[in-house]
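Biologist: Please take a close look at one part of this model, namely an enclosed space and the residues that line it, and then go on to how helices pack. I would like each term explained once as you use it.

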Amino acid sequence: MPRPLLLLPRFSADGAWLPVLALSAMTLLVQGCTLMSLGVLLPGIAADFGGQAGGGATAFLLAMSLASLAVGSSMGKAGVRPVLLIGVLLSAAGFALAAIAQQRTALMAGMALSGFGAGASTIVPGIAVITRHHVARRGLALAVFLGAAVVAGAVVPPFVAAAMTFWTWRMAMLFCSAAIVLACPLLVLLVPGDRTDAGPMPVERTAPPAAIRTGNFLRIVLAMTLLQLAINGVLFAAVDSLMAEGLSQSTAVLAYSSANLLGLPALLMGGMLADRLGARRSLTATALLLAAGTMALLGVRMMDMAGVWLFVLLWGVASALPGQSGSMLLADAVEAEAFPRLLGLNTAIISLVGALAPLWTDQMRATGGGYGLPVSVYAALALAAAPLIASVRSSQAEAG
């Protein structure tokens, strides 16, 4: 009997999904209490630091990106659990340091420490572990894991805001630090602790020659960088762009929030389709869908609310998927023992370059006199990524 196209995950009694759930819970707590709550905390921090809080947020984001360079090779040398545990403790300690800081230098140091710890204990190590130990249903497992970051942004910040209302931003950060320390070390014990480079990946496939692997990696990095720029360019300008098309602030915020919330069901459906169709086809389709969703922003004035919800549907779905199918494609295209290191390098590159998108948006908006030029450029970047992805020489398993 043929396998149905869409299958619900089976949380079997053999514990195969426990590491996925543990990593997901860690990501929800660490990113929810730190990265996802920065927007809530920054106004309170700024009030105590002369209106200057952006430096702390920048230090956090840069350190989180740079952690990706070290975490892959560290897991290969020391094993997964020590890296995760150190990352968790650094993230909590950094937030606690920032909470008690009286000088801007100490604040930035604490935020940088916390950002490095968050990078070392969430996305890159989680993807590396799941890709290695959950091969049969990678797409769905990655959907559950990456979906935790989406849930974190919706669940944790309201609690942080409530703590700030009842106490202060400093107490809210200390509560976040305590939540991370109390919960995450126990979750680390549920994650496989062996080194990520210990032996081959448990999947039957023929490794391509070294030259092809190198070309694959460069094409994937370039394609993922183009997609990240396209996503970030719209992510930080969508509300203002929708308001420029005539929407009220409340309607623009509602559309933007709805697009982001679509990421969770999109990850689940996209993961199952990627398991079925393969990462290369899935990511190519995602790039095309992202280009269409980005261009939908230009149709808002002509189509009114129909254009708004077309953007919400297309962009909301497509913007959530590259991290999922892109990681799967990279795992299929490089040697197993090199995957964690190359995943970290890829993540660092696309994070650092993607951080330039808001600046470029401002420059293009000033040049073009509106959002028409930047939206068109970001749609073109997503479209250009599609042939790069399609040209990746996938493994025998992917081809089949």
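Modeller: A cavity is a set of points, on a 1 Å grid over the protein atoms alone, where a 1.4 Å probe fits but cannot get out, and its lining residues have an atom within 4 Å of a point. The model is predicted, so to speak of local features requires pLDDT of at least 70 and side-chain atom pairs count only at pLDDT 80 or more, while totals for chains, interfaces and linings use all residues. Residues are numbered from 1 along each chain as its sequence is written, and side-chain values use heavy atoms, with hydrogens and water left out.

The structure holds two cavities of 30 Å³ or more, and the second largest encloses about 40 Å³ (the space filled by probe spheres set on grid points joined across faces, edges and corners). Its lining is made of Gly-233, Val-234, Ala-237, Ala-238, Ser-241, Leu-297, Thr-361, Tyr-371, Pro-374, Val-375 and Tyr-378. Two or more of these residues come from each of helix H9 (210–235), helix H10 (238–244) and helix H19 (372–390), where a helix is a DSSP run of H or I, at least four residues, numbered from the N terminus. H19 gives the largest share, three residues. By class, the lining has eight nonpolar, three polar and no charged residues (Ala, Val, Leu, Ile, Met, Phe, Trp, Tyr, Cys and Pro are nonpolar, Asp, Glu, Lys and Arg charged, and the others, Gly among them, polar).

Turning to helix packing, helix H4 (residues 80–100) and helix H5 (residues 104–121) have axes 7 Å apart at an angle of about 155° (axes are lines fitted to C-alpha atoms over the stretch in contact, and angles run from 0 to 180 degrees between N-to-C directions). H4 and H5 are therefore roughly antiparallel, the term for angles over 145 degrees, and their crossing is left-handed, meaning that the near helix is turned anticlockwise from the far one by less than a right angle. Residues in contact (heavy atoms within 4.5 Å) include Gly-87, Ser-91 and Gly-94 of H4 and Gly-110, Ser-114 and Gly-117 of H5. In total, this contact has 16 nonpolar, seven polar and no charged residues.

Helix H13 (residues 279–295) packs against helix H15 (residues 305–318) at about 145°, with axes 8 Å apart, and this crossing too is left-handed. Among the residues in that contact are Leu-289 and Gly-293 of H13, with Phe-311 and Trp-315 of H15, and the contact as a whole has eight nonpolar, three polar and no charged residues.

Terms used
1 Å grid on protein atoms, 1.4 Å probe; cavity = no way out; pocket = protein on both sides within 12 Å on 5 of 7 lines; lining within 4 Å. Parallel < 35°, antiparallel > 145°, perpendicular 65-115°, else oblique.
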